[in-house]
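Trainee: I should be grateful for a close look at a single part of this structure. Please begin with one residue and its surroundings, and then work outwards to the rest of the chain.

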Amino acid sequence: MVKSKRRRGDPSADLGRARRVANLAELSASIAHEVSNPLTAVLASSNACERWLTADPPNIERALIAVKRITRAANTACEVVNHIRVLSRRPGETREPAAVGDLVAEARDLMAEEASRYFVRLDLDVEPDLPPVAVDRIQIRQVLVNLIRNGLEAMEFVARDRTLKIAVERCGDTLQIAISDCGVGLEHPDKIFQPFFSTKFQGMGMGLAICRTIADAHAGRLFAKQNDPHGTTFVFVLPLGASSTAPHVAAA
Ligand SMILES: Nc1ncnc2c1ncn2[C@@H]1O[C@H](COP(=O)(O)OP(=O)(O)O)[C@@H](O)[C@H]1O
Ligand SMILES: [Mg+2]
């Protein structure tokens, strides 16, 4: 173990340590909370399901509603666990040259059903002959899925024609993925990348913080800009060629 060169009792060292412990404790508490909520829902709905099935006569219709609640809650719990798992991947083992256009098309396909539930058209525009980029495919897919999902959610209550545009193009020595919605726009642009910041009723507030951590780990960038007249564009910039030396993403 590497010993700190600072003397015991050094106030700045103590403060740094206290902050780290506080962050870790805070993060653990939030994760425990985010997992325990859906697990409580799973338990409550499975009890209900058992009651409906053992009733005389059994009520299959109500039992099915309970099963659907169980599936939804279990999916939420899995999502939290996936967030954490994706962040702890090691770059040396997981980076390989990938066609970013294909990754974006994969993410679009993954989200197609969810998009149709939001009555949103996903519109993909990939510049031809883009060079491959050394990336962690799973992490990049996580970024794309998070950004697409946020775009869908931002358009949930707008009466406009709902299209989410995803464009991939080369810009100098970078690739840029722009995900553009015509939704409600950003209420708090200065806070959106903070962990656990959410304006949604059941928002976890982890999505953009994770996206930015992954962008940083690829020596890339992620930023948002307001669209004129409506909505938001998130731009994910990946350097061409420099990403294999990027540091390991730490979960905390
Ligand atoms: N496309 C978007 N349009 C408008 N606001 C957005 C968009 N994406 C993110 N935001 C804002 O940023 C916040 C944080 O997003 P995120 O970290 O993904 O957490 P969550 O989606 O769980 O709220 C959201 O609650 C929302 O206020
Ligand atoms: Mg989100």
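Mentor: Let us begin with D181. Apart from its neighbours within four places in sequence, D181 is in contact with G151, A154, M155, T163, L164, N227, H230, G231 and T232. The model is a predicted one, and what follows should be read as a description of that prediction. D181 is placed in the loop between β5 (174-180) and α7. It is a buried residue, yet D181 has no salt bridge. The nearest side chain of opposite charge belongs to R160, and R160 is 7.2 Å away. A salt bridge would need a side-chain nitrogen of Lys or Arg within 4 Å of a carboxyl oxygen, so the distance of 7.2 Å to R160 does not qualify. The side chain of D181 does have a polar atom placed 2.8 Å from the backbone nitrogen of G183.

The contacts of D181 include H230, G231 and T232, and a cis peptide bond is found close by in the sequence, between D228 and P229. Its omega is about 5°. P229 itself sits in the loop between β6 (221-226) and β7 (232-239). A second cis peptide bond joins D56 and P57, with omega about 0°, and P57 belongs to the loop between α1 (11-54) and α2 (60-87). Most peptide bonds are trans.

The loop that holds D181 leads on to α7. How many of the residues of α7 are buried? The count is 8 of its 11 residues, so that the helix is mostly covered. The buried ones are G207, L208, A209, I210, C211, I214, A215 and A217. Their cover includes α2, β1 (95-98), α6, β6 and β7. Just after α7, A219 takes a positive phi of about 55°, although A219 is not a glycine. This residue lies in the loop between α7 (207-217) and β6, and at 45% relative accessibility it counts as partly exposed. Another residue of this kind is D129, whose phi is near 60° although D129 is not a glycine. D129 is located in the loop between β2 (121-126) and β3 (133-136), where it is exposed at a relative accessible area of 79%. Most residues other than glycine have a negative phi.

We may now turn to the nonpolar interior. The largest nonpolar core has 48 residues, and I148 and I177 touch the most other members. Helix α6 (residues 137-154) gives the most to this core, with 7 residues. Both domain 1 (11-87) and domain 2 (92-245) contribute residues, so the core lies between them. I177 has contacts, beyond its neighbours within four places in sequence, with V100, V104, L144, I166, A167, V168, F234, V235 and F236.

Helix α6 also takes part in charged pairs. Side chains of opposite charge can pair when their charged atoms come close. R137 and E106 meet in a salt bridge, 3.4 Å from N to O. This pair links R137 in helix α6 with E106 in helix α4 (residues 100-110), and the two are 31 residues apart. R137 is partly exposed at 29% relative accessibility, and E106 is partly exposed at 30%. E106 forms a salt bridge with R141 as well, where the closest N and O atoms are 3.3 Å apart. Because E106 lies in helix α4 and R141 in helix α6, the pair ties together parts that are 35 residues apart in sequence. R141 is partly exposed, with a relative accessible area of 30%. R108 and D109 form a salt bridge at 3.0 Å, N to O, and R108 is partly exposed at 25%. Salt bridges that share partners also join E79, E114 and R149 into one network. A search of the whole structure finds 7 salt bridges.

Finally, the setting of these parts is the whole chain. The chain has 7 helices and 7 strands, which follow the pattern α-α-α-β-α-α-β-β-α-β-β-α-β-β along the sequence. Of its 252 residues, 40% count as buried. Among contacts with a separation of 6 or more, 72% are between residues 24 or more positions apart.

Technical notes
Residues are numbered from 1 along each chain as its sequence is written. Chains are lettered from A and ligands numbered from 1 in the order in which they are written. This is a predicted model: local features need pLDDT of at least 70, side-chain atom pairs count only at pLDDT 80 or more; totals for chains, interfaces and linings use all residues. Side-chain values use heavy atoms; hydrogens and water are left out. Helices (H or I, at least four residues) and strands (E, at least two) are DSSP runs, numbered from the N terminus. Buried means under 20% relative accessible area, exposed over 50%, partly exposed in between (1.4 Å probe, protein chains only). Lys and Arg count as positive and Asp and Glu as negative; His and the chain ends are not counted. A polar contact is a pair of N or O atoms within 3.5 Å; within protein, one must be able to donate a hydrogen and the other to accept it, and residues adjacent in sequence count only if both atoms are side-chain atoms. Contact means heavy atoms within 4.5 Å. A nonpolar core is a set of buried Ala, Val, Leu, Ile, Met, Phe, Trp, Tyr and Cys residues joined through side-chain atoms within 4.5 Å. Domain bounds come from an automatic or database domain assignment.
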